[in-house]
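Trainee: I am new to this structure. Could we go through it together, one topic at a time?

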Amino acid sequence: MDVPRIVRTHISTAELNPPQELIDGVSNGQVGLLEIVKALGEYLTAAEEEVRLKGLTFLSNTLSVVSVSKINRQATQTLTNFYLSKLDDFDSLPPALDGLTILSKLPTFDDEAAIEVYKGLVENVNMKAYIQATRHKVYVLFDSLLALHRSALRSMGTSFLNSYTKMVDGEKDPRNLMLLFSIDRVILLEFEVKDHIEDFFDITFCYFPITFRPPPNDPYGITAEDLKLALRGCMASSPYFARMAIPLFLEKFATLTGPSMKDLQLSIAACLPVYGAESVRERAGELWEGIKTEILYSSDTSIEAAALCALEALIRTLYPPDQSPGGIAQDIIKECLEILNEPEKTQALAATKILAAIFRSSSSAGKFAISQALPQLFRQFNSPSLPSHRAPILSTISSLLLAIQSVYSSSESHRTQQDEQSLEPYHQGILDVLREGLRTEGLKAPAIQGCTACVQIPGFWAKEDVENVVRGLDDILVNDEDPEIRPEVIKALTTISTHHPTIIESLTLPLLFHNLPDTAPGGEEHIAREKYRSILISLKELCVQTALFQTLVIRITTKLDLLSSPTDKDIDMDGESQFDRRECTIAYCWDLLHALQGVIDMKIKQKHGDLVRYFDQLVPRLMTLVISSTSNEGVFGDRRLIGLIAKIVESLVWELPSERQSKWFAATYDAFEKGEWRGVVLDKSITSSGSPLRVGASSSEKDLIALYSGCVQALKLDITLPFSSSAEFLSSKIHWAIHVAGEQWQVKWASDLICAFVNKREGDLKESLETILDSIWTKEIQDTSADLEVRQRGLSVYLFIVKALSLLRQPLAYSSLERVIDILSLSNLDTEFVGFAANALGILAQGKGVGHLTAKLLFAQKLWNFVLPKLIEGDKEANGTGRLVYLVAFASLLPLIPASLCLADLNTILPLILRSLSLPDPQQRSNAIRTLTSILETATDSKEVDKAIHTHAETMVESLLKSAIKQPKVPTSAKVRSSALSCLSMFPDIIRFEILHKYKSIVIKELGKTLDDPLRNVRKEAVECRSKWYRYGNAV
Amino acid sequence: MSRQLDNDNPTIFAPTASTSTKRIQKGKASLWSEEALLEEEEEEEYYPELGSGSGSKEDREDIDSEEVYDLLRSITDPEHPVSLEALRVVNPDDIHVAGNRVLVYLTPTIPHCSMSTLIGLSLRVRLLRALPTRYRVDIRIKSGTHQSEHAVNKQLNDKERVQAALENKHLLGVVEGCLQTADKRGKA
């Protein structure tokens, strides 16, 4: 290889990165480094600066890419010396620094070299003369020397420290400072800095407080917060700073405000523990004054929090565990208690926080604080100067208990009630005020908080104490109507139940169940109804726990049994009021069942394994209730109850293991196909008049389809079926849904059954499915002379099957769907049916839903990508009202797709969405608005979306306003109005003001109309939306 | 602290009882719990209706004093980061709604409070923005709670003066600051 030639060409063409050829040569030993240096010789020593610089840069670049092992000790030494000689050459400095940094990291670079390089730097480089980038290189080199040759530098002693502080003095660039602060910290921590501490103080504290504000679009991404943290690290790295730093802090208290004040407080918090008790104690009083002002008077909560941190650091520093709590802590506590003499004032809140902070930060001072505060607070509570003072006093007590709990129950603090016994003397006192609080109006909320805290302090309350307060809590639960308090009580009881489940089981549950009425409250008994509802809400929260669930199951099923048989009271009534009575009972049963369902769902979510055990206790019982009602017109024949029970059955059957599921399904099959109820009910005396699905069955018998459907929807994929031909089973259900079912409600449950069955047994059905679909299409749907309702039912069943297949991404789904899309073009001929078809595509949009259908990944995407082009094409070819059908179909399908999918072809979809906003049906408009909302939510992530929505912003605002305002004769719904309003309220945050500024006044004026909406919830959205628009464009 | 506060240690009260005392529901709404009605609605939504859709069945819920209170409670005091509700400057009992008229009494924390006009102005701006135009709003100092009650009342209910105040950029900025939190409506 002709090294001199390569070097020559490169230098002369100013291509200063070494060619691959040369690098390879060095790596495989063909070329020695020395050779390159030799070849560079004439350039390295050239008289023209420019040429010298090129030579040097080429050398440094070469070093940076060749393998480390190729640079031996001698080469290292020679190169180091060579570079050192270049340090006083102004222009050559940057490449020389690069080279030295590379060399400094080599194992062949020894301590002596490090010292030499360091000395060379401080002697030859005048930092002030160089630009930021060069200075940065110097610091990088320092950093490398310090990382690898720390002890050598340390051994230089004074000469190092002196020269270092001079060298870095006056640096201003944030990028360099970030690096310097980290170097400073290392030196301060590891070097003998005591005698030089003033110099270090000068080069660190001169930056405090940091007021840096990064320029907009700062490519380096250094924030003020980064700098503050780095500087704080330096300030808190040497105890020797204390002498100068504390006076500086004290001085700054008077002048700083806002973020700088916060910085000051946090810096104090970081520094005091390092500076040590000795030096802090002298100025503790003054420090406290400065901290206090920010806690008591600050209007910024983040500054207050920072000041509390500072206070904690102060106390922690002054009062280690073995230090007696004399001095400043005493004064602070005294001051707080003074303030607490007026417990209703704002400062009392702050005083409470101060006491809590003292407790958290020191066991000795904390214990002392408690011993001073609690007796005074008890005294105040028991004989308040004003009755209204009791609530804030109790709040203070509870806040302190909460602070105590947070310390004692955390394993990190290593402090426990057993060790410190700080609460022991006040055991009775605490119990007394809390119980008094639970009994008294206006004191309940803080009392509940206090109780929750005490229960969670390990080793504080005995079982009797907990029972005591649980009784008080139960009393509130049953008797208090305040809707704000009740959730608090439930939360407290739930917390208690995790620590003491037996207490809840033996005290709370019996009381709650006792307060559930045995008969439903009458139509006008609103209060009684509210009361049982609130009890059910409590039970729903409490009984999720395994230990308590059993009681719930027994009690609720007993109640339902009672309610299922008409009482004498009911029978006496005459026609109309009996109907009301029945409705009341149904509503009550619904609430009971709904509570049960809520607990079951929660248990499933939390994966409790005990549900299966309750299957036999629950399902046959619920089935009995419903089935026996078909013959005697009992309340459980009501569809709302059947529907709810069917869902509960579905959840519970799903939890069964496959084998038991097979058996259960076989029994259900016998029941519904043959009228053999014995296998599925508890009461074996129930007789049947045959299969409820037979032609000619009564409407209430047909309603039982819901239970069948619930069971099928819960089936797992691997169970054994009780029949041989799945196709036959399916066909019979399809026939039933289209021709036998009486009403829409029954069709709905049958369709769900069909959909679930196809989805789960697609494997068995494979060949026959196409025939089945064909025959539905030709026999039930295509015949325009047939009854419209039959055709509509046919189509919806057809679409339910398509949905089941589309979830599995079966090709048959798409070919079958094509027919439906094709008939959209016939809107002139078959108007009503085609309109229905466009709407019915919404069936596909429900996706997997909350049930137990199987769905493959990306099924929605595949379906959408199949349908969308067809709809767009159809829309283009159609004209006039014909286009509307496609738009309806589009809007009906919208809920199917996630926003991310819209973003892919936003430019096609957005105009369609905008057109959909003017559809007459509020349901479709609200679909469109929902999709639009989710597109807007993602707007900040993508430039394209951002561009598209800015282009269409005006149109969107106009259409949304139209949907938001209730106008006479325009069909609308609360949902579409409030979703339009909440969508509209996103604009001020997303769309740049200059795009919409001329609309601001129009929007505000138009939104004025929405303030008068008949519904309160819509008005609320309107107010929020309008206030956002008022703020739009105002400088923040 | 840049300026001496008028009242540097005002009394704080616990939040007033509830976000909404139960407005007694009538008819079907009372018999069936909210979840039940919601479920019914969802079902209608998911299954395409055969035949015509159901008609709208919205009962009008009139604006009452509770709703007005809800609009005002979370406005921030100009001196402290505390809501007017916590300072009891506005109280649910001091708001009256009748027909198209709204009357709000505000209670300053101290009788010489120089902020009363500013608070009153914030209340007015909030209601101007959040109530339908058909309402006429009166904002008054609660009788006997302020030294210059009469003057403040006059200022707060004079259209021109309110308008003039709102044209003052700085003043409007302060009012906007107080209103920042208004949409919390008692929620933390």
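Mentor: Let us begin with a term: domain bounds come from an automatic or database domain assignment. For chain A, that assignment gives domain 1 (502–607), domain 2 (611–722), domain 3 (762–890) and domain 4 (898–1036). This is a predicted model, in which local features need pLDDT of at least 70, side-chain atom pairs count only at pLDDT 80 or more, and totals for chains, interfaces and linings use all residues. Residues are numbered from 1 along each chain as its sequence is written, while chains are lettered from A and ligands numbered from 1 in the order in which they are written.

Trainee: What separates the centres of domain 2 and domain 4 of chain A?

Mentor: Taken over C-alpha atoms, those centres of domain 2 and domain 4 of chain A are 46 Å apart.

Trainee: How many helices and strands does chain A have?

Mentor: Chain A has 55 helices and 0 strands; helices (H or I, at least four residues) and strands (E, at least two) are DSSP runs, numbered from the N terminus.

Trainee: Why is chain A said to be more spread out than a compact globule?

Mentor: Its radius of gyration is 40 Å, well over the 31 Å that the globule rule gives for 1036 residues, so chain A is more spread out than a compact globule. The radius is taken over C-alpha atoms, and the rule is 2.2 Å times the number of residues to the power 0.38. Along its principal axes, the C-alpha trace of chain A spans about 110 × 90 × 65 Å.

Trainee: Now the contact with chain B. How many residues does each chain give?

Mentor: Chain B gives 40 residues and chain A gives 51, where contact requires C-beta atoms, placed from the backbone, within 7 Å.

Trainee: Which element of chain B gives the most to that side?

Mentor: H2(B) gives the most, with 4 residues. The side of chain B that touches chain A divides into 21 nonpolar, 8 polar and 11 charged residues. Ala, Val, Leu, Ile, Met, Phe, Trp, Tyr, Cys and Pro count as nonpolar, Asp, Glu, Lys and Arg as charged, and the others, Gly among them, as polar.

Trainee: And H4(B), is that mostly covered or exposed?

Mentor: H4(B) is mostly covered, with 11 of its 15 residues buried, meaning that 20 or more other C-beta atoms, placed from the backbone, lie within 10 Å of a residue's own. Among them are Ile119(B), Leu121(B) and Arg124(B).

Technical notes: Two residues are in contact if their C-beta atoms, placed from the backbone, lie within 7 Å. A residue is buried if 20 or more other C-beta atoms lie within 10 Å of its own, exposed if 12 or fewer, and partly exposed in between; C-beta atoms are placed from the backbone.
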